[in-house]
Amino acid sequence: MDDATRTRIEAATYRRLIQHLMQDRPDAQNIDLMNLAGFCRNCLSRWYGEAAAGEGIALNKEQAREVVYGMPYDDWRAQHQAEATGDQLKAFEQSFAANVGKKD
């Protein structure tokens, strides 16, 4: 497979992942994604911003989140995010430390 084809396939896969997380399963809470998989929508937005920076494009945290969420992050939270339980928060602390650390 040549690099251009691989890049197109990777881009299509990323777009499908975003569709799945944003439109098909907005009920999947970020905290649950982080606790189970070690990443969430916010991680995707951070990675997007890092990739943009690698191409010389400056995006701040909120701009990168808006690209991934398809709307301002506060709007997403108001529409889709539920209050985290104590158990979720405890698990999140461990998952965040193991997977993200001081990067976010």
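**Reading the labels on a six-helix model**

Visitor: Why is D3 called exposed?
Guide: The relative accessibility of D3 is 54%. Exposed means over 50%. D3 therefore earns the label. Bear in mind that this is a predicted model.

Visitor: What makes D3 and R6 a salt bridge?
Guide: The closest N and O atoms of R6 and D3 are 3.5 Å apart. The cut-off is within 4 Å, so the pair counts. Both residues lie in helix α1, residues 3–24. They are 3 residues apart, about one turn of the helix.

Visitor: Is R6 called buried, partly exposed or exposed, and why?
Guide: R6 has a relative accessible area of 35%. Buried needs under 20% and exposed needs over 50%. The value lies in between, so R6 is partly exposed.

Visitor: What makes E50 and R46 a salt bridge?
Guide: Their closest N and O atoms are 3.6 Å apart. That is within 4 Å, so the pair qualifies. Both lie in helix α3, residues 41–54. The spacing is 4 residues, about one turn of the helix.

Visitor: How do you know which burial labels E50 and R46 carry?
Guide: R46 stands at 14% relative accessibility. Buried means under 20%, so R46 is buried. E50 stands at 45%. That lies between 20% and 50%, so E50 is partly exposed.

Visitor: Why do D74 and R77 count as a salt bridge?
Guide: The closest N and O atoms of D74 and R77 are 3.7 Å apart. The limit is within 4 Å, so this is a salt bridge. Both residues sit in helix α5, residues 73–80. They are 3 residues apart, about one turn of the helix. D74 is exposed at 53%, and R77 is partly exposed at 37%.

Visitor: What makes D3, R6 and E10 one network?
Guide: Salt bridges that share partners join these residues. The structure holds 7 salt bridges.

Visitor: How many aromatic pairs are there, and why is F39 with W47 called stacked?
Guide: There are 5 aromatic pairs. The ring centres of F39 and W47 are 5.9 Å apart. Pairing needs centres within 6.5 Å, so they pair. The angle between the planes is 25°. Stacked means under 30 degrees, so the pair is stacked. F39 is partly exposed at 24%, and W47 is partly exposed at 39%.

Visitor: What links Y69, Y73 and W76?
Guide: Ring pairs do, and they make a cluster. Y73 has another contact to report: the charged end of R65 sits over its ring. The distance from the ring centre is 4.1 Å. The distance limit is within 6 Å, so that part of the test is met.

Visitor: How do you know whether C40 and C43 are bonded?
Guide: Their sulfurs are 4.1 Å apart, too far for a bond. A disulfide needs sulfurs within 2.5 Å, so this pair fails. C40 is in no disulfide. A search of the whole structure finds 0 disulfides.

Visitor: Why are C40 and C43 given their burial label?
Guide: C40 has 7% relative accessibility, and C43 has 3%. Buried means under 20%, so both are buried. In the protein chain, 28% of the 104 residues count as buried.

Visitor: Which residues and helices line the largest pocket?
Guide: The volume of the largest pocket is about 380 Å³. Of its 25 lining residues, the closest to the centre are N30, I31, N42, Y73 and Q81. Helices α2 (30–37), α3, α5 and α6 (86–99) each supply at least two lining residues.

Visitor: Where is N99, and what makes it partly exposed?
Guide: N99 is in helix α6. Its relative accessible area is 40%. That lies between 20% and 50%, so N99 is partly exposed. The C-alpha atoms of N99 and G38 are separated by 5.7 Å, with their positions 61 residues apart along the chain.

Visitor: What is the overall make-up of the protein chain?
Guide: It comes to 6 helices and 0 strands. From the N terminus the order is α-α-α-α-α-α. The C-alpha atoms fill a box of roughly 45 × 30 × 30 Å along the principal axes.

How values were computed: Residues are numbered from 1 along each chain as its sequence is written. This is a predicted model: local features need pLDDT of at least 70, side-chain atom pairs count only at pLDDT 80 or more; totals for chains, interfaces and linings use all residues. Side-chain values use heavy atoms; hydrogens and water are left out. A salt bridge is a side-chain nitrogen of Lys or Arg within 4 Å of a carboxyl oxygen of Asp or Glu. Buried means under 20% relative accessible area, exposed over 50%, partly exposed in between (1.4 Å probe, protein chains only). Rings of Phe, Tyr and Trp (its six-membered ring) pair if their centres lie within 6.5 Å; planes under 30 degrees apart count as stacked, over 60 as edge-to-face and the rest as tilted. A charge sits over a ring if NZ of Lys or CZ of Arg is within 6 Å of the ring centre and within 35 degrees of the ring normal. On a 1 Å grid over the protein atoms alone, a cavity is a set of points where a 1.4 Å probe fits but cannot get out, and a pocket is an open set with protein on both sides within 12 Å along at least five of seven lines; lining residues have an atom within 4 Å of a point. Grid points are joined across faces, edges and corners, and a volume is the space filled by probe spheres set on the points.
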